[in-house]
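With the model open in your viewer, please follow the stops below in order, changing the selection at each one.

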4 protein chains.
Amino acid sequence: MSTHTTTPIKAGIVGGTGYTGVELLRLLSQHPDVQLHAITSRKESGMPVADMYPNLRGHVDLCFQTPEEAALDQCDVVFFATPHGVAMEQARGLLDHDVRVIDLAADFRLQDVETFAQWYKMPHSSPDVLKEAVYGLPELDRDRIRQARVVGNPGCYPTTVLLGLAPVLQAGRPLIDTTHVIADSKSGVSGAGRKAAVGSLFSEAADNFSAYGVAGHRHHPEISECLARIAGAPVGLTFVPHLVPMIRGMFSTLYLRILPDALDTDFQALYEQRYAGEAFVDVMPAGSLPQTRSVRASNMLRIAVHRPAGGDTLVVLVVQDNLVKGAAGQAVQNMNLMFGLPETTGLQHVAVLP
Amino acid sequence: MSTHTTTPIKAGIVGGTGYTGVELLRLLSQHPDVQLHAITSRKESGMPVADMYPNLRGHVDLCFQTPEEAALDQCDVVFFATPHGVAMEQARGLLDHDVRVIDLAADFRLQDVETFAQWYKMPHSSPDVLKEAVYGLPELDRDRIRQARVVGNPGCYPTTVLLGLAPVLQAGRPLIDTTHVIADSKSGVSGAGRKAAVGSLFSEAADNFSAYGVAGHRHHPEISECLARIAGAPVGLTFVPHLVPMIRGMFSTLYLRILPDALDTDFQALYEQRYAGEAFVDVMPAGSLPQTRSVRASNMLRIAVHRPAGGDTLVVLVVQDNLVKGAAGQAVQNMNLMFGLPETTGLQHVAVLP
Amino acid sequence: MSTHTTTPIKAGIVGGTGYTGVELLRLLSQHPDVQLHAITSRKESGMPVADMYPNLRGHVDLCFQTPEEAALDQCDVVFFATPHGVAMEQARGLLDHDVRVIDLAADFRLQDVETFAQWYKMPHSSPDVLKEAVYGLPELDRDRIRQARVVGNPGCYPTTVLLGLAPVLQAGRPLIDTTHVIADSKSGVSGAGRKAAVGSLFSEAADNFSAYGVAGHRHHPEISECLARIAGAPVGLTFVPHLVPMIRGMFSTLYLRILPDALDTDFQALYEQRYAGEAFVDVMPAGSLPQTRSVRASNMLRIAVHRPAGGDTLVVLVVQDNLVKGAAGQAVQNMNLMFGLPETTGLQHVAVLP
Amino acid sequence: MSTHTTTPIKAGIVGGTGYTGVELLRLLSQHPDVQLHAITSRKESGMPVADMYPNLRGHVDLCFQTPEEAALDQCDVVFFATPHGVAMEQARGLLDHDVRVIDLAADFRLQDVETFAQWYKMPHSSPDVLKEAVYGLPELDRDRIRQARVVGNPGCYPTTVLLGLAPVLQAGRPLIDTTHVIADSKSGVSGAGRKAAVGSLFSEAADNFSAYGVAGHRHHPEISECLARIAGAPVGLTFVPHLVPMIRGMFSTLYLRILPDALDTDFQALYEQRYAGEAFVDVMPAGSLPQTRSVRASNMLRIAVHRPAGGDTLVVLVVQDNLVKGAAGQAVQNMNLMFGLPETTGLQHVAVLP
């Protein structure tokens, strides 16, 4: 419960039937400064949200509404938990009503509209809004997010890879061979969403492990564009995502070749300093082995830095909950910044373990 | 490898893209007396079966074919691993070409066509074929199966409940209160098939347990019809199926009230005698606690008989692999009987544990 | 964060290395009116709690302490998350220092010391404390818990069975045949605790389903004693627990035979009325099918009432998180009552789904 | 069933209570040319094997015996499914009775006894036997295995990494930068064995993903020694193993930097040619994405070769069942070679999917 007497933030959600939608509802319904105003789903309009998501019974009384009924332009902020391509159609109209927009899909992640068109198989319909949109990774761009009217919430994989690489790329001197960075990433199945697809069936995904998207994954250009921005030059990235038989959780193992001149770097200290004061990035003590469950249902991302046998390969291990820090939690973190709230408001849930 | 010089059985499969289809392929491709002749799927025609099911690479060279290409009337036996309603359309034509038919769906399970129509939402289109069809539970009706041209392969739940109840119902004297029999059954998710349905998604079914079909399940009338046949009178059954976060496996816990006059019965002995000599029913020693994994990927069904605190409630525990003894394995067992082979041919795989 | 200016409750935990211990820590560290004072583990003394449970990093700064260091007699309340037999040794000493005691093991659950000795293989060492102990099921005995100095926190299975049966047993007139009540219960593996036991290994429990304790389970006498209390006479119970390959979650399917004179009862209404106003018991709408994940990591227990085919068998479905409402959450609920706080304080987390 | 009239191979197993033990029993009990002679376990002596492993009921009638009772010197071959250090104590005695030895632990894997002592914390007690021992990876050293009296069966990880790298290292010309080879490997939990360890508990390993052994893993020196042998020079390897919440299955993702002069290599063809004719190595078509379940319970290992965006990084994906090709199946494959049987005898089980 909130103690302040300030007016709560009126929040709307477009397309709340998927996993990022229900996770937003879980977080926002417990957020002390938010009032849930509306949640839309044309297909499910009229159905109580809690009928689809029984965990919300007693916490969320809203019904799904059509966009017409929802009066989203009365909101302070609207989250898009929709397929790619929806937010860019509606953002301009909301901005004109002074509504902030946070898109959990890809519409405002890539500044390069051609890359967007290539990977998402549609032209970008709102390049002017895109221009003012900010990539919503607070640990990299907090100040711009505070001022933003439109935020492109990062993809789940990019969040782990970018936060795992930023310290070595922003160190002020060359530390690693940026022509050959390897990100071997592993995701729980909820990353594929609530869409009925054969590959996401229990009997297909359980007791099984596989790679996918080896020939190309949409998060690759997103990571690359951001890496270039923070490194000041293109970074050569090999990115291989894998599917893990677990619901939530994401684990990225990054392999970096340390430059000969940088072999004396104290990488543990480098990472600790880079993220000192960050509420949601935990650089674990040297030698730690992070587990995805240590962040389950929380907004924390944990990093461990290793250098096997003291050699010239740096191994960075990064874990997060793909639905929280990798999606809905980060969106709320961005909202907090955009509305001048303490960044951690409503996001301090302890991870659920076991 | 088979040692006989006899001509192999030419087998066809209609609709082999689902889990019972691939399981039939796994079993038949290792069966010493079977030659796989064709497998049909209109939708996937032309695709190598092993592309869809990579476990079959190197074992099955067939491609899916359209029914027209498949020339199923040249088979000795055709298995239908199709949705309900397909086999009854095609059985007559195959019989006319002297092809045996084994349907793994429900078309030939229920003799009462009205009950069929009520539960499967379609009229029975082939009542004359139905009349000669035999319910394919070998341990209950072996001799008739040997003579059958058409077999309705039992549902997975019915196999466990019927084999778990047969000894007390066929004992020759009243042993239990047949007005209140309770079957609390639990199934792995593969029982729902390979259909892309939200409820079968990994992220929905994993780390979760639920009941379903409490108000009514299609296997209920199937069990009831058979129970009436073997008991000689209607049996009052409460049947509640549940979904377990595992791929394969089925567990039925049966609760029976022992009649006052039958309290001195040695139920352990009764079950052991009833199934003495059965290759695929294992009555475990008194006190045993069967596990589904003890039959994973095998055609065995195991039973344990308990009488808690020596009271008047009999608890019967039954496990099977729903895809083998509960579907494809039992179909092969029926085929063996229909073609005069030893019943265990091609079915003696040891269960995979762990 | 709490808004009150009252002194927080100083809480201690004895034996916090198990799953109920870490779950207590998760809940208490987020409770607005609690100050964690100490957590003991002789074996792990000196180790930061967050090293064993990395989800607590940043939330709990305590180290495990020896009982000597912990100064538990300065607490307002001490939780015992210990093996059976520990709390009864230490309760008297704490009471003498005006410390409230909540035992999550079995020491104060059974009033019959002979039954205790028979099932827990040890004599009860503190029968005088036992006499004043209250069985901590708030929905059944809220007023006595408010006054209690010692609470025996219920077992996980008993919570589901007792709350599932209470409405029909407390209806004021005979509704069901109390000589033959059946509870078919299913538990996630965390119920077995964090003890290294072969049967709880991933490779043993995953992709598997089994029954256990059919010949007798410690929760049986606990349920029976309470049932007799609320029904005013012994209730004949058959209780069969099963192990589900999931971490958290408990599901009890109860089968009750409705008495001929009670066939006109509106059981849905009966349950809704019985639990009207209860914050942690959710009687779902008629026809509902509860899922364990709908209460994952929350203190909610959900009930659905069915009467298949309108017959004389009542099927009651009950779900809870075995570590929350079945253990640590209920303990905190009891603490809230004992200290005059609103019963829901610190317990309103939305369940985590998916 | 075998058709030959030759005397069966008498096989013994030392220490058959673990997962490699039961898997050996599953395979050997279905092997047409093997007679199971004895299985030892001092701790479980007298217990029927099928009581511990109910999947073997009806297939294996043996009881565990003490080594004294087992008369292993009458065997033709003895498998050691024991902890490290046991086989090297007993091998000499068996060889003196003309018994072949196949050790599934590490005693005869490393030729360098100092490396052995360093990683296994014990001196090698039988260096003379070690000298004649052959590393049992048939696809690399088939001819020597045929002549061997003692075989060190490879570790599970090394099997995937070595078979994944052999084609590029044995190509006859330099293809990759051998100073920086990366193996990101993932294993199911059964790889940790049946030992009661907290980290292998269901509630610890399920719905979780973690790395381990980043600072050093025993399979690292084993891989390195073999890589040096086949490459003719040391290979710089970074090896990071991870734990996947599945029972069986292993997946290695290998990252190799192609040398500038080798960029025109057709790696797909290279791999296909290298493994042409191999029964248990399946080089999948270009673009394939192997899944561990495609080899579940089978002796097959599948490889896919990728070159993302046609660049200079080669990504090799390798899957196997860690208990079969990674342990017991490979041991049987070695036995077949040692006794002049067709290499595939008893090993042609189709993988179990789903």
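Begin with a surface representation of chain A in this predicted model: chain A exposes about 11,600 Å², and carbon and sulfur atoms supply 50% of that area. If you then colour the residues by burial, taking under 20% relative accessible area as buried, 65% of the 354 residues of chain A fall into the buried class.

Next, switch to a cartoon of chain A, where the secondary structure comes to twelve helices and 14 strands. The radius of gyration of chain A is 20 Å, close to the 20 Å that the globule rule gives for 354 residues, so the chain is as compact as a globular protein of that length. Along the principal axes, the C-alpha atoms of chain A fill a box of roughly 60 × 45 × 45 Å. When you display contacts between residues at least 6 apart in sequence, 71% of those in chain A join residues at least 24 apart.

Now select the charged side chains of chain A, of which 28 are positive and 36 negative, with the centres of the two sets lying 2 Å apart.

For the last stop, bring chain D into view alongside chain A. A turn of 180° with a shift of 0.0 Å along the axis lays chain A on chain D with an RMSD of 0.0 Å, and the two copies are thus related as by a two-fold rotation axis. Which C-alpha of chain A is nearest the axis? Select A:Pro245, whose C-alpha is the nearest in chain A, 3.1 Å from the axis. The same surface serves both copies, since 100% of the contact residues of chain A recur in chain D.

Key:
Residues numbered from 1 in each chain as written. Chains lettered and ligands numbered in written order. Predicted model: local features only at pLDDT ≥ 70, side-chain atom pairs only at ≥ 80, totals over all residues. Heavy atoms only, no water. Helix = DSSP H or I, 4+ residues; strand = E, 2+ residues; numbered from the N terminus. Rg over C-alpha atoms; globule rule 2.2 N^0.38 Å. Buried < 20%, exposed > 50% of the residue type's maximum accessible area, 1.4 Å probe, protein only. Contact = heavy atoms within 4.5 Å. Areas by Shrake-Rupley, 256 points an atom, 1.4 Å probe, with all protein chains shown as cover. Lys, Arg positive; Asp, Glu negative; His and termini not counted. Charge placed at Lys NZ, Arg CZ, Asp CG, Glu CD. Least-squares fit on C-alpha atoms with pLDDT ≥ 70 in both.
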